[in-house]
Amino acid sequence: MHRFLLLALLMVSAGCSSSGGWYAPVAGPSPTGGMALQLELQDIEQTQYARFRVESDGTLVYWGGKDVLFDKVTWTGSIDDEQGRELVALVRRESPLDSFSPAGDDAQPTWTLELAEHGRLVEHTVHGDVPCMRVLYDTLQRYTSARFDAVVDALPRADVEGLVVPRREADEDGTDRP
């Protein structure tokens with residue numbers, strides 16, 4: 001009987017996410033209609049690590065590089081209603097929970113997706129080049145990279161007039177003179 005209880009306890013513990021308890025349904029408006037997700041990429045061969053979390057209230061949390069290993073948040077922001085609808089449509093269209101590991105369980109990278117909706121949290125892990133996970137990753141990367149848009153837009157633009165180099169005439173001996 002004790003073995004059964006221990007086994008049951010281990011099964012319940014194993015079913016819980018390693019990030020444990022991050023999902024909390026939102027009572028008010030949600031840009032994702034209440035859906036939340038967390039996508040983690042680990043590529044040991046390429047030394048690439050990233051984790052994205054979109055909470056049901058629209059909060060976007062990003063961990064990058066070594067911050068994933070130390071569980072230190074790199075940046076926190078939010079998604080708007082349009083991005084929320086885009087993300088939900090992407091998850092519905094790509095069906096990442098139905099994906100499989102095309103190259104076996106030892107292939108790199110490793111993708112772990114946690115999808116939460118209607119009070120249910122489902123975790124799915126696949127290995128290798130999985131197109132639907134890459135599409136989801138690229139979308140979340142675009143959302144987090146948007147934080148740099150204002151800085152990039154504020155940089156001076158190249159001016160064609162400023163790029164023109166004055167022409168120099170060469171002397172007969174081959175030396176330039178102004």
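**Exercise 1. Is Glu55 buried, partly exposed or exposed?** Work out the class of Glu55, then do the same for its salt-bridge partner.

*Solution.* Keep in mind that this is a predicted model.
- Step 1: Glu55 has a relative accessible area of 22%.
- Step 2: Buried means under 20% and exposed means over 50%, so Glu55 is partly exposed.
- Step 3: The side chain of Glu55 meets that of Arg53 in a salt bridge, with 3.9 Å from N to O.
- Step 4: Arg53 has 12% relative accessibility and therefore counts as buried.

**Exercise 2. Get an overview of the fold.** Find how many helices and strands there are, and in what order they come.

*Solution.*
- Step 1: The protein has 6 helices and 8 strands.
- Step 2: Starting at the N terminus, the order is α-β-β-β-α-β-α-β-β-α-α-α-β-β.
- Step 3: Of the 178 residues, 36% are buried.
- Step 4: Among contacts with a separation of 6 or more, 52% join residues 24 or more positions apart.
- Step 5: The exposed surface comes to about 11700 Å², and carbon and sulfur atoms supply 55% of it.

**Exercise 3. Explore the largest nonpolar core.** Say which element gives the most residues to this core.

*Solution.*
- Step 1: The core holds 25 residues. Those with the most contacts inside it include Leu37, Leu39, Trp111 and Met133.
- Step 2: Two or more residues come from each of β1, β2 (48-54), β3 (59-64), α3 (81-94), β5 (110-117) and α4 (131-145).
- Step 3: Helix α4 gives the most, with 6 residues.
- Step 4: Now look at Trp111. Beyond its neighbours within four places in sequence, Trp111 is in contact with Leu39, Met133 and Tyr137, among others.

**Exercise 4. Follow the salt bridges.** Find which residue pairs with Asp71, and which one pairs with Arg142.

*Solution.*
- Step 1: Side chains of opposite charge can pair when their charged atoms come close. The structure holds 7 salt bridges.
- Step 2: Asp71 pairs with Arg51, and their closest N and O atoms are 2.8 Å apart.
- Step 3: This pair links distant parts of the chain, 20 residues apart: Asp71 sits in the loop between α2 (66-69) and β4 (75-78), while Arg51 belongs to strand β2.
- Step 4: Asp71 is exposed at 52% relative accessibility, whereas Arg51 is buried at 9%.
- Step 5: Glu40 joins Arg51 and Asp71 in a network of salt bridges.
- Step 6: Arg142 forms a salt bridge with Glu86, again with the closest N and O atoms 2.8 Å apart.
- Step 7: Arg142 is in helix α4 and Glu86 in helix α3, so the pair ties together parts 56 residues apart in sequence.
- Step 8: Arg142, at 45%, is partly exposed, and Glu86, at 33%, is partly exposed.

**Exercise 5. Set a loop residue beside a surface patch.** Decide whether Thr32 is buried or exposed, then find which residues make a nonpolar patch with Val152.

*Solution.*
- Step 1: Thr32 lies in the loop between α1 (2-15) and β1 (36-43).
- Step 2: Its relative accessible area is 4%, so Thr32 is buried.
- Step 3: A polar atom of the Thr32 side chain lies 2.5 Å from the backbone oxygen of Met35.
- Step 4: Not counting residues up to four places away, Thr32 touches Val54, Ser56, Ile79, Gly84 and Val88.
- Step 5: Turn to Val152, in helix α5 (residues 149-154). Its relative accessibility is 43%, so Val152 counts as partly exposed.
- Step 6: Phe148, Val152 and Leu155 make a nonpolar surface patch of about 270 Å².

How values were computed: Residues numbered from 1 in each chain as written. Predicted model: local features only at pLDDT ≥ 70, side-chain atom pairs only at ≥ 80, totals over all residues. Heavy atoms only, no water. Helix = DSSP H or I, 4+ residues; strand = E, 2+ residues; numbered from the N terminus. Buried < 20%, exposed > 50% of the residue type's maximum accessible area, 1.4 Å probe, protein only. Polar contact = N/O pair within 3.5 Å; in protein donor to acceptor, adjacent residues only side chain to side chain. Contact = heavy atoms within 4.5 Å. Patch = residues over 30% accessible without salt bridge, like charges linked within 9 Å, V, L, I, M, F, W, Y side chains within 5 Å. Areas by Shrake-Rupley, 256 points an atom, 1.4 Å probe, with all protein chains shown as cover. Salt bridge = Lys/Arg side-chain N within 4 Å of Asp/Glu carboxyl O. Core = buried A, V, L, I, M, F, W, Y, C linked by side-chain atoms within 4.5 Å.
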